[in-house]
Every structure is written in structure tokens, then in C-alpha cells.
Amino acid sequence: MPVITNIDDLKKIYRRRVPRMFYDYAESGSWSEQTFRDNVSDFAEIRLRQRIARDMTGRSVATQMIGQDVAMPVALAPVGLTGMQNADGEIKAARAAEKFGVPFTLSTMSICSIEDVAQHTTKPFWFQIYTLNDDDFNAKIINRAKAAGCSALVITVDLQILGQRHKDLKNGLSAPPKFTIPTMLNLATKWAWGLEMLGTKRRFFGNIVGHVEGVDDPTSLSAWTAQKFDHALDWGKIAKLRDMWGGKVILKGILDAEDAEHAVGVGADAIVVSNHGGRQLDGALSSIRMLPEIVAAVGERTEVWMDGGIRSGQDVLKAVALGAKGTMIGRAFVYGLGAMGEKGVTTALDVIRKELDTSMALCGERDIAAVGRHNVLLPKGFLGAYS
Ligand SMILES: Cc1cc2nc3c(=O)[nH]c(=O)nc-3n(C[C@H](O)[C@H](O)[C@H](O)COP(=O)(O)O)c2cc1C
């Protein structure tokens, strides 16, 4: 058993274990992948301020996100096709999250359905919805999420149209994979993944296939989604989704202070400063660089969280220091899941919590609530470098 000390260790195992098509699906950004890379490299530009001879006993990284107790300010982000990274992946990730004490968000584009995840977990999870132009589908899926006891709706607002990811086109990404010669050759080397996949019946988009008339295979699904993304989205329609839900709402995919104002206007309980992990607008600034401006604009009126590029507890600490009340992780938990299933997600969360806790101590803080701008050092021009 390899000694796993950081998220990159999990990524290496993940890469060996999971078919190329699904590794590439996660490990890619849109077009030139500049924003995807910046999300990570901008974190690396930020430094932590070391303090000494400060009492570091009785530390806590526990806090709340939208009034919910969390073991640390980290939630699992919605990730489509998680059940292709590891058989029954959404159920495994949700279980790891609930045991650890952090929220799990189920993507609309999941393999395991809302009902299936609810049946295999004991605590409420969050459900993510896209802004689709189909009121009937929206109402049905929102009602299903309510019936399953989901405790918050994450509305993804940065995907009215899909950013192009070259690798997915080249690999012919689909769930389940289509059996082309290159795919078969690659699958032949991923027998552990394949055996587990053969052992589950969950291999399609569980929230959609069987719930939408005429959608019963990958081809009809991609045609359906392409048609349904609402190119004419406006804030009134976002407010309508909020009303249909009637509970806590998180708007994910805000990268601009003006949009953040609108989000407050529709009563978002939290917003996630996000560029979809660099998968949408290539050339957009990294989330961590946009965070302080958005916190300054609306941080008093709603909870501002961020995601994109978090690969360590130090990254979480930096985000919190720059004003995030919470964070979400996507790839960091996917690496763990692909590498070792539920145990891998737990390991990813453990790694991040230990890094966060120890680094917070070395910054001279005992409570995550006290972490702030004074704990980080920014290079000159980091803020306001772009105008
Ligand atoms: C493979 C993959 C699939 C994703 N699928 C969804 C999705 O279905 N819905 C959504 O709102 N965001 C989706 N995202 C974006 C994530 O929720 C999150 O914003 C992003 O992963 C954060 O960046 P990080 O991976 O660097 O942590 C996806 C991201 C990845 C990597």
C-alpha cells in the first residue's frame, strides 16, 4: 500500500486506475486551459505569514456553511459522471462526506440518481441544477430533490452554453464508454476499474435517463442537453428556480462583482466564486484572484465561497484568509475517488484537513473564524493586476 501524504499522490494512483477518457474528462479545462492552470498557479503565488510563540492549543477548523455545521469550510462540488470515475461513485463520495462532516453536492449529470444517493446515505445532501429552458423538467427534478430530503439547491449559473474541451471530443467521451478500438485498448489495461463497473447497474445518467421521454442513450442525451441549456437565461429565470425550490439556494459560477450584486438581489444564501474549474470561459481570471473583489462587494450581505484550483489545506487557508466563508473541491476529491473509492475520498478530506489545521497553527491561529487577510502575503500587484 503506497504511503499517501498529499492530493498529488492520489492523483497518480487515479491516473493509473481509471480509463483515459474519464481521467481526461476531469483533468482538463476549456480550449487552451489557461484558466484551468491559473486556478492552481495563482494559489501558488500567495504566501502564508508565519507567526511564532503563539498559543496553538485547542484548535478548530470547524465552522458553518449556510447555517450547517461543517468539519471544515469545504464542501464537495458537483461533478458530472462521478460514477464513471469509480463504480457507484456518487454514493461512495456522499458517504465519505457525511462521515467526515462536510456537505456533498450531487450533480444533475450524475450516474447515481438522487433517489439512489438518498437511499444509501443518512444525512441530507445538496443538489445541483443547471439553468435549463424546460420548466417541466426543472419542476420535476426540483420536486425529486425535495422528496429525497436535499437541504440546499446549488444553481450553476455559468453554463448556459458549453465551453469546448478538446480532449473530450478527441476521446469521444460518453457514459458508458463506446467501444472503439482505442477505448478498448485502454480499457484492457484498467481491469480493476472494469471489474467494479461490471458489478454495478449504475452506468447511465441516473437523473435523466428514464425520467425524460426520448432520452435513453448517450446520443439522445447529448442532443437533449444541447437543446435544453437556456441560452436566453436572465435573473428573472434564476429567481423562478429559487421560488420553485423555496429553500436555501447557492448560486455557483459567479466571477464578477456586478453579477454578485444580482445574486444578492435574487436572495442567494451563498454564492460560489467559480469559473467551473476552468472548464467554461478560457481566459477568465482565476477564482482566487477574483475572490477579494467579490467579498468586498457583497460579503456583508451573503456568504461568499470559492472553488477552483484547491489541491491542499493550505489553499483552503488562503481562500479563507482572502474572505471565503467556505470552499468547494472538485478534482481533489475525484482523484481520491478514482484512486480508492470511498476510502480515497476520506483520505483526500483527511489530507486537506490536516494541512489546513497545521498550517493554520503555524500562522498563529487557533480558530478558522479568526483567519483573515493578516495571515497571507500577496505579491505586489496581485490584486488589481488586471483591470
Ligand atoms: C470532471 C468535472 C465535472 C464537473 N461537473 C460539474 C457539474 O456537473 N455541475 C457543476 O455545477 N459543476 C461541475 N464541475 C465544476 C465543479 O463543480 C467545480 O466548480 C470545479 O471542479 C472546481 O475546480 P477544482 O476541480 O479545481 O476544484 C465539474 C468539474 C469537473 C472537474
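**Reading a predicted fold, from one bridge to the whole**

Biologist: Let's start small. In β11, which residue is the bridge partner of A75?

Modeller: A75 has M328 as its bridge partner in β11. One thing to keep in mind as we go: this is a predicted model. That bridge belongs to a bigger pairing, since β4 and β11 run parallel to each other over three bridges.

Biologist: And on β10, what stands opposite G326 in β11?

Modeller: That's W305. Strand β10, residues 303–307, is joined to β11 by three bridges, and the two strands run parallel.

Biologist: In what order do the strands of the open sheet come?

Modeller: There are eight, and reading across you get β4-β11-β10-β9-β8-β7-β6-β5, with parallel pairing. The edges are β4 (74–76) and β5 (105–106), each of which pairs on one side only. Further along, β6 (126–130) and β7 (152–156) share five bridges in the parallel sense. For one of the partners there, look at F127, which is matched with L153 in β7.

Biologist: How do I read the side chains of a strand? Which way do the residues of β11 point?

Modeller: The general idea is that side chains in a regular strand alternate between the two faces of the sheet. Now the case here: in β11 (326–329), G326 and M328 point one way, while T327 and I329 point the other way. All of them are buried.

Biologist: Is I294 buried or exposed, and why?

Modeller: Count its neighbours. A residue is called buried when 20 or more other C-beta atoms lie within 10 Å of its own. I294 has 25 of them within 10 Å, so I294 is buried. You'll find I294 in helix α14, residues 287–298.

Biologist: Which residues is I294 in contact with, leaving aside its neighbours within four places in sequence?

Modeller: I254, A257, A260, V273 and V304. For a sense of distance, try V154: I294 and V154 are 140 residues apart in sequence and 19 Å apart in space, C-alpha to C-alpha.

Biologist: How should I think about the nonpolar core? How many residues does the largest one have?

Modeller: In soluble globular proteins, nonpolar side chains tend to be buried together. Here the largest nonpolar core has 110 residues, and I254, I271, V273, L291 and A348 have the most contacts inside it. Helix α16 gives the largest share of this core, 14 residues. Take A348: not counting residues up to four places away in sequence, A348 touches I7, L10, A332, F333, Y335 and G336.

Biologist: Which residues come nearest to the ligand?

Modeller: Out of 24 residues around the ligand, the nearest are A77, G80, S107, G277 and G330. Two elements give two or more residues to this shell: α2 (20–26) and α16 (331–362). By class, the shell has nine nonpolar, eleven polar and four charged residues.

Biologist: Let's zoom out. How many helices and strands are there in the protein?

Modeller: There are 16 helices and twelve strands. Buried residues make up 48% of the 387. Among contacts with a separation of 6 or more, 73% join residues 24 or more positions apart.

Biologist: And what radius of gyration does the protein have?

Modeller: It's 20 Å. A compact globule with 387 residues would come out near 21 Å, so the two agree. The C-alpha trace spans about 60 × 55 × 40 Å along its principal axes.

How values were computed:
Residues numbered from 1 in each chain as written. Predicted model: local features only at pLDDT ≥ 70, side-chain atom pairs only at ≥ 80, totals over all residues. Near = placed C-beta within 6 Å. Helix = DSSP H or I, 4+ residues; strand = E, 2+ residues; numbered from the N terminus. Nonpolar A, V, L, I, M, F, W, Y, C, P; charged D, E, K, R; others polar. Core = buried A, V, L, I, M, F, W, Y, C linked by C-beta atoms within 7 Å. Buried ≥ 20, exposed ≤ 12 C-beta atoms within 10 Å, placed from the backbone. Contact = placed C-beta atoms within 7 Å. Rg over C-alpha atoms; globule rule 2.2 N^0.38 Å. Pairing = 2+ DSSP bridges.
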